[in-house]
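This briefing goes through selected packing and pairing features of a predicted model. Please read the points below alongside the sequence and the coordinates.

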Amino acid sequence: MSGITEPLTFPPAMSGEEVGGDPFDGAVMRAIRGCDAGLVCYRIAADRMGAALVMTPEVPLQQAMVMLPLCGVGFQNALGALAPPEVAVHLAWAGGILVNGAACGAFRACASTQDPEAVPDWLVVGFELPLTLAAIPGEVPDQTALFEEGCAEVAPERLVEAWARHTLNWIARWEDEGAKALHSEWRGLAHGLGETVVQDGWPGTFLGVDEAFGMLLRDSETTHLIPLTTLLEEAP
């Protein structure tokens, strides 16, 4: 446990629970047992932090998976508000977080079903973020940690609270306005657009995403559509 002395503050539609283990796994177990939507499990240690949100979608899983990039946008908005202005945050389609161009944690997702057409009983989206590097800086130039990128003054507790607020705001916008605003915001943050990437063993040019944020990957012969549901982890 991190030794947080005061409970974190969450919006009225959410509640928080500090956990001793992996917050993503903790949120999945609580979802399986039937907790209320809006629960945020979190853990803050000296070298890393993480948080995960339990949701109960009212749409089929294929549509509900928009919560993965949505939570990423919420994170970027949160860190962008707390970090110095020169700190750049980008999002990889498969959930990766990049800070100043280097990998710095990632988002994960798990649901009660993997059937794209089924309405899931629950969906959990969470992130883990290194605060300090285990390796000597420079040994892993493609990886970084939050405190290595000029964010030593960012309190992890405030980042979890801000992530919850910004994510809730984006969920409300998505419900009221549809996905257009979210698509626009995400495209401005997306890492690798127009570049050659490899996803699910397929190399190709990352052209963008469809309405449901499925990846459009162009190889020499055709354009493949890779649904977000391929990123789901299996429920225990």
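Helix H5, which spans residues 180–187, has Leu 182, His 183 and Trp 186 as buried residues. These residues lie on the same side of H5, because they cover an arc of only 100° around the axis. Lys 180 and Ser 184, on the other side of H5, are exposed.

**Surroundings of H5**

- The cover over the buried residues of H5 includes two further helices, H3 (67–82) and H4 (156–177), together with the strands E4 (89–91) and E9 (202–209).
- Helix H3 contains Gln 76, and this residue counts as buried because its relative accessibility is 16%, where the cut-off for buried is under 20%.
- Leaving aside residues up to four places away in sequence, Gln 76 touches Val 89, Glu 185 and Leu 189.

**Packing of H4 against H5**

- Two packed helices are described by the angle between their axes and the distance between the axes.
- For H4 and H5 the packing angle is about 130°, and the axes are 8 Å apart.
- The two helices H4 and H5 are therefore oblique to each other, since an angle of this kind falls outside the ranges that count as roughly parallel, roughly antiparallel or roughly perpendicular.
- On the H4 side the contact involves Trp 170, Arg 173 and Glu 177, which meet Ala 181, Leu 182 and Glu 185 in H5.
- Sorted by class, the residues in this contact of H4 with H5 comprise three nonpolar and three charged ones, with no polar residue.

**The sheet and its edges**

- Seven strands form an open sheet with mixed pairing, and their order is E1-E2-E3-E7-E6-E5-E4.
- Strand E1 (15–18) and strand E4 are the edge strands, each of which pairs on one side only.
- On average, neighbouring strands of this sheet are turned by 20° against each other when direction is ignored.
- Strands of a sheet pair through backbone hydrogen bonds, either parallel or antiparallel.
- The pairing of E4 with strand E5 (residues 96–99) is in the antiparallel sense and extends over three bridges, and His 90 stands opposite Leu 98 in E5.

**H4 across the sheet**

- Helix H4 lies across four strands, namely E2 (39–44), E3 (48–55), E6 (102–111) and E7 (123–130), and runs at about 30° to E3.
- Helix H4 is also among the elements that cover the buried residues of H5, as is the edge strand E4.

Technical notes. Residues are numbered from 1 along each chain as its sequence is written. This is a predicted model: local features need pLDDT of at least 70, side-chain atom pairs count only at pLDDT 80 or more; totals for chains, interfaces and linings use all residues. Side-chain values use heavy atoms; hydrogens and water are left out. Buried means under 20% relative accessible area, exposed over 50%, partly exposed in between (1.4 Å probe, protein chains only). The arc is that of the directions from the helix axis to the C-beta atoms. Contact means heavy atoms within 4.5 Å. Two strands pair if DSSP finds at least two bridges between them. Axes are lines fitted to C-alpha atoms, for helices over the stretch in contact, and angles run from 0 to 180 degrees between N-to-C directions. Angles under 35 degrees count as roughly parallel, over 145 as roughly antiparallel, 65 to 115 as roughly perpendicular and the rest as oblique. Ala, Val, Leu, Ile, Met, Phe, Trp, Tyr, Cys and Pro count as nonpolar, Asp, Glu, Lys and Arg as charged, and the others, Gly among them, as polar.
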